[in-house]
Amino acid sequence: MLSPEVRALVKATAPVLKTHGVALTRHFYARMFEHNPELKHVFNQGHQAGGQQQHALAGAVTAYAEHIDDPSVLAPVVTRIVHKHVSLGIRAEHYAIVGKHLLASIREVLGEAATDELVDAWAAAYGQLADLLIAEESRLYAESAAKPGGWTGWRTFRVVGKQAESAEITSFYLAPSDGGAVPEYRPGQYLSVRVYVPELGLMQPRQYSLSDAPGQDRLRISVKRELAGDQTPAGRVSNTLHDRLQEGDVLDVAPPQGDFYLNEDSDAPVVLLSGGVGLTPMVSMLNHLVRTDDKRQIRFVHGCRNRSVHAMRDHVNRIAAERGNVRKAVFYEEVGHADKAGEDYDHRGRVDLRAISDEAIVPDADYYLCGPAPFMAAQRAALLELGVAPARIHAEAFGTGGAPA
């Protein structure tokens with residue numbers, strides 16, 4: 001338990017962290033990779049290059065300082081971080097390395113303001129947080145190992161199928177190279193894979209949502225090829241998977257993780273809302289509901305740019321046509337001359353729940369959201385405006401997710 005004096009010192013740094021937190025975390029990562037280059041294989045170098053990870057860690061450190069008197073309010077963030085860490089194979093011994101470079105960075109970035117008293121306070125605060133994370137991660141590691149077909153760390157899987165789903169998204173079907181079983185998982189969870197990226201000269205891990213129902217003898221991920229943007233580099237791992245990974249090839253896989261998943265204990269209607277590649281965990285949920293012959297009302301609402309990037313269109317159409325409890329609503333931002341309303345798309349423009357509230361807003365339903373951050377913010381705001389209770393809204397945003405890894 002931290003003393004009142006320690007909590008006061010840590011909390012007093014929150015304003016400084018809001019202003020200089022990114023400079024601190026940028027220095028921290030550079031320092032750590034210089035002294036411990038082996039960790040480049042653990043940390044997402046794409047997020048390092050793009051700056052997302054530095055911002056994510058700065059936000060997490062600032063939030064911890066602000067809520068040091070009652071860290072329990074950060075429980076959802078901590079849960080997400082723990083799942084991310086386990087998916088990356090982060091172990092207890094890594095915390096000493098991170099703590100060493102974080103405290104050194106506080107001294108080096110804050111200069112004279114980083115008194116011995118302040119650094120000692122942050123050492124105590126970091127130790128408390130590390131103990132919490134280590135305990136929760138140990139529990140998840142034990143759960144993963146105890147499952148039938150379960151394991152911890154990395155396990156070799158073979159690509160037993162590769163299928164283009166759209167101009168941007170390709171599915172990879174993965175089976176254990178050792179011939180063993182695959183574990184159960186919750187529809188909506190993700191998988192970490194690790195491949196060698198020649199351009200970086202590094203093994204690199206990435207998380208991709210499982211895009212099919214659990215309970216099968218293989219796993220499926222559906223990966224969007226990330227091209228370079230105005231301010232973002234091309235996705236090294238996604239392009240490696242698309243261009244180099246073929247049937248028969250192998251890659252490292254960590255056990256399924258993630259705190260975003262379908263509530264299988266509920267009998268409430270289900271509304272699945274996705275944008276772009278955010279449909280992948282939604283298809284996993286949809287497939288599971290169909291596979292288990294669930295009779296609940298199901299709404300599948302999806303938005304994408306146009307037909308060329310509309311993944312799994314025929315699959316979802318077939319389910320909606322065959323099952324009376326499933327209805328779909330697809331939005332295209334761009335509609336071509338050959339696109340057919342009701343077959344390719346249902347509505348023009350971006351997803352607008354207000355325009356289809358009679359279709360998408362179901363009393364007492366659970367709403368699951370996944371997609372880019374702007375999409376997530378817009379749909380959550382629309383749901384709240386339409387009277388959906390916050391507790392009914394479950395969201396997963398692709399990206400760093402606030403996790404300091």
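**Nonpolar cores, aromatic pairs and strand pairing**

Ile106 is in contact with Leu24, Gly111, Ala114, Val119 and Trp122, when residues up to four places away in sequence are left aside. In this predicted model, Ile106 also belongs to the largest nonpolar core, which holds 40 residues and in which Val10, Tyr29, Met32, Phe43, Ile106, Trp122 and Ala125 touch the most other members. Two or more residues are given to this core by each of helix H1 (4-12), H2, helix H4 (52-66), H5, helix H6 (92-110) and helix H7 (116-146), and the largest share, ten residues, is supplied by H7. A second core, separate from the one just described, consists of 22 residues and includes Phe260, Leu286, Met312 and Val316. As general background, nonpolar side chains in soluble globular proteins tend to be buried together.

Eight aromatic pairs are found in the structure. One of these is formed by Tyr29 and Phe43, whose rings are arranged edge-to-face, with 6.0 Å from centre to centre and 70 degrees between the planes. This pair links distant parts of the chain, since Tyr29 is placed in helix H2 (residues 14-35) and Phe43 in the loop between H2 and helix H3 (45-50), 14 residues apart. Tyr29 has a relative accessible area of 1% and is therefore buried, and Phe43, at a relative accessible area of 5%, is likewise classed as buried. Tyr29 and Phe43 are also members of one aromatic cluster, together with Phe28 and Phe33.

For Phe260 and Tyr368, the ring centres lie 6.2 Å apart and the planes stand at 70 degrees, so this pair is edge-to-face. Because Phe260 is located in the loop between strand E6 (250-253) and strand E7 (270-275), whereas Tyr368 is located in strand E11 (residues 366-371), the pair ties together parts that are 108 residues apart in sequence. Both Phe260 and Tyr368 are buried, and Phe260 is one of the residues of the second nonpolar core.

Charged side chains are also placed over aromatic rings. The charged end of Arg186 sits over the ring of Tyr261, at 4.4 Å from its centre, while Arg155 lies over the face of Trp151, with a distance of 4.8 Å from the ring centre.

His85 is covered by the annotation "binding site" in an unreviewed UniProt entry. This residue is found in helix H5 (residues 75-88), and its relative accessible area of 3% means that His85 is buried, the cut-off being under 20%.

Among the strands, E3 (residues 190-197) is mostly covered, with six of its eight residues buried. Strand E3 pairs with strand E4 (residues 202-209) in the antiparallel sense over eight bridges, and within this pairing Ser192 has Gln207 of E4 as its bridge partner. The two strands E3 and E4 form a hairpin with four residues between them, and in the turn Gly201 adopts a positive phi of about 65 degrees. Strand E3 is further joined to E6 by two bridges, and these two strands run antiparallel; Arg194 stands opposite Asp252 in E6. Strand E3 is thus bridged both to E4 and to E6.

Technical notes
Residues numbered from 1 in each chain as written. Predicted model: local features only at pLDDT ≥ 70, side-chain atom pairs only at ≥ 80, totals over all residues. Heavy atoms only, no water. Phe/Tyr/Trp six-rings, centres within 6.5 Å; stacked < 30°, edge-to-face > 60°. Buried < 20%, exposed > 50% of the residue type's maximum accessible area, 1.4 Å probe, protein only. Lys NZ or Arg CZ within 6 Å of the ring centre and 35° of its normal. UniProt positions renumbered as here; feature names shortened; annotations may be inferred. Core = buried A, V, L, I, M, F, W, Y, C linked by side-chain atoms within 4.5 Å. Contact = heavy atoms within 4.5 Å. Pairing = 2+ DSSP bridges.
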